[in-house]
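Me: I would like a close look at a single part of this model, taken slowly and residue by residue. Please keep to what can be read from the coordinates and the record.

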Amino acid sequence: EIDGGERGVHAFLHVNTDEALAVAAEVDAIRAAGGAEAEALHPLAGVPIAIKDLIVTKGQPTTAASKMLEGWMSPYDATVISKIRAAKLPMLGKTNLDEFAMGSSTEHSAYGPTRNPWDLDRIPGGSGGGSAAAVASFEAPLALGTDTGGSIRQPGAVTGTVGVKPTYGGVSRYGAIAMASSLDQIGPVARTVLDSAYLHELIGGHDPADSTSLNEQVPALIAAAEQGATGDMTGVRVGVIKELQGEGYEAGVQARFDESLEALRAAGAEIVEVSCPNFKYALAAYYLIMPSEVSSNLAKFDGVRFGTRVLPEEGPLTIERVMGATRAAGFGEEVKRRIILGTYALSAGYYDAYYGSAQKVRTLIQRDFDAAFALADVLISPTSPNVAFELGSKIDDPLSMYLNDVATIPANMAGIPGITVPGGLSEGLPVGIQFLAPAREDARLYRVGAALE
Ligand code: GLN
């Protein structure tokens with residue numbers, strides 16, 4: 001199926017058939033032989049996984065869905081990939097995304113869009129639409145994504161899958177091609193909360209190769225998911241974020257959200273309302289901080305060090321002109337838009353007004369969360385204001401595309417963890433429910449997520 005056209009979904013950019021079959025055969029042989037080696041196998045050994053093509057893998061291409069990295073092979077593995085290899089999960093291949101993870105629909109891929117398995121005329125979310133669609137279409141039981149402003153959670157929501165953005169620093173970013181380093185996190189995509197917990201425990205933990213990695217143990221996530229699956233939420237305070245619902249949220253999304261609150265109340269949870277007044281500035285601040293970091297992180301794609309090199313058609317071959325021709329041809333429109341925005345926001349004379357103010361907003365958002373978590377153990381909101389929209393419907397309107405992330409961005413700005421779990425359907429399309437927890441309290445997400453799913 002995966003290398004036979006994927007029934008039109010196009011979740012994969014590269015299929016890693018031979019290596020995946022070899023790893024699966026190796027696990028089979030170890031199990032058949034029994035003994036100590038079989039006992040020592042990781043619980044996920046032999047379970048196939050798809051990898052977002054922003055995470056570098058030795059021996060397979062990594063493109064970031066950009067022409068800039070067409071045909072480029074990483075000489076090393078990301079830390080999460082080393083862990084996956086050690087646990088013997090067959091890697092099925094690399095999944096599609098918006099170019100360099102910039103977008104909410106996977107339409108900004110240089111290699112054509114991914115489609116939503118629920119309705120092939122609709123988007124699978126983004127930027128990690130390929131990973132979410134691979135899981136939703138039963139091509140892969142597990143996948144890896146990255147989340148800078150919602151790219152694991154929003155695709156999870158619109159494809160009816162589970163996605164987790166871990167606490168910042170909880171999973172090593174070493175080998176994830178950087179978009180906005182202060183916001184990026186690698187995380188799991190799965191069909192159930194428990195599956196996600198197994199994958200999260202495997203990839204999490206301290207990594208000396210990532211200077212922002214937390215120096216502590218991965219929390220007990222599997223146990224938390226198992227506790228949640230009992231359905232008992234007695235004593236758990238769930239805070240409804242006043243600002244992330246109502247106006248701007250589709251009626252069907254709001255209806256499923258309200259039913260989720262009822263289900264949680266019936267399970268014994270205490271529902272309280274919390275207010276986060278500074279969230280209204282989150283999107284604007286994100287679209288200053290993120291492009292600023294993008295403009296710096298993507299400066300390394302200069303036509304010399306990685307991938308594509310384009311020579312100017314005429315005139316002298318100076319470094320500057322080769323760099324210009326390479327970046328003009330190698331980057332797509334959305335990537336260029338963000339590099340230009342970021343370069344402007346960081347330029348002399350504007351730095352304090354734009355980047356400086358956005359950083360202050362970031363602090364205010366963190367304080368809103370601190371106040372909310374004084375009243376509630378977890379917070380809840382719809383993951384996305386709308387269900388999957390039709391391909392092409394927002395591609396020419398960047399602002400309406402950006403609005404898809406209103407509910408997911410605050411977590412990245414504060415470094416806290418978030419999960420999306422399926423919350424039923426609206427007119428035949430999945431609705432996602434998001435929970436947020438304080439930093440390092442990822443286990444709470446697994447408990448409440450498993451209780452609701
Ligand atoms: N959709 C958001 C953006 O375009 C989030 C991207 C992401 O999380 N990688 O920036």
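Leaving aside its neighbours within four places in sequence, which residues is Lys52 in contact with? Please set the answer in the context of the positions annotated alongside Lys52.

Reply: Since this is a predicted model, what follows describes computed geometry. Once the neighbours within four places in sequence are left aside, Lys52 is in contact with Thr95, Leu97, Gly128, Gly130, Ser131, Leu144, Gly145 and Thr146. Lys52 itself lies in strand 2, which covers residues 49-52, and it counts as buried because 32 C-beta neighbours fall inside 10 Å, where 20 or more are needed for that label.

As for the context, the UniProt record, an unreviewed entry, places the feature "active site" at Lys52, Ser127 and Ser151. These positions are spread over 100 residues of sequence, yet they cluster in space, the largest C-alpha distance being 10.7 Å.

Ser151, another of the annotated positions, is found in the loop between strand 4 (142-147) and helix 5 (153-159). With 36 C-beta neighbours inside 10 Å, Ser151 therefore counts as buried. Not counting residues up to four places away in sequence, Ser151 touches Ala101, Gly126, Ser127, Gly128, Gly145 and Thr146, so that the annotated Ser127 is among its contacts. Gly128, Gly145 and Thr146 appear in the contacts of Lys52 and also in those of Ser151, and in this way the two annotated residues can be read together through the neighbours they have in common.

The surroundings of the ligand bring some of these names back. The ligand is surrounded by 15 residues, of which the closest are Ala101, Ser104, Thr148, Gly149 and Ser151. Ser151 is thus one of the closest residues to the ligand as well as an annotated "active site" position in the UniProt record, while Ala101, also one of the closest to the ligand, is touched by Ser151. Divided by class, the shell around the ligand has four nonpolar, nine polar and two charged residues.

Taken as a whole, the picture is of a buried Lys52 in strand 2 and a buried Ser151 in the loop between strand 4 and helix 5, belonging to a set of annotated positions that cluster in space although they are spread over 100 residues of sequence.

How values were computed: Residues are numbered from 1 along each chain as its sequence is written. This is a predicted model: local features need pLDDT of at least 70, side-chain atom pairs count only at pLDDT 80 or more; totals for chains, interfaces and linings use all residues. A residue is near a molecule or strand if its C-beta atom, placed from the backbone, lies within 6 Å of it. Ala, Val, Leu, Ile, Met, Phe, Trp, Tyr, Cys and Pro count as nonpolar, Asp, Glu, Lys and Arg as charged, and the others, Gly among them, as polar. UniProt positions are given in the numbering used here, feature names are shortened, and annotations may be inferred rather than shown by experiment. Helices (H or I, at least four residues) and strands (E, at least two) are DSSP runs, numbered from the N terminus. A residue is buried if 20 or more other C-beta atoms lie within 10 Å of its own, exposed if 12 or fewer, and partly exposed in between; C-beta atoms are placed from the backbone. Two residues are in contact if their C-beta atoms, placed from the backbone, lie within 7 Å.
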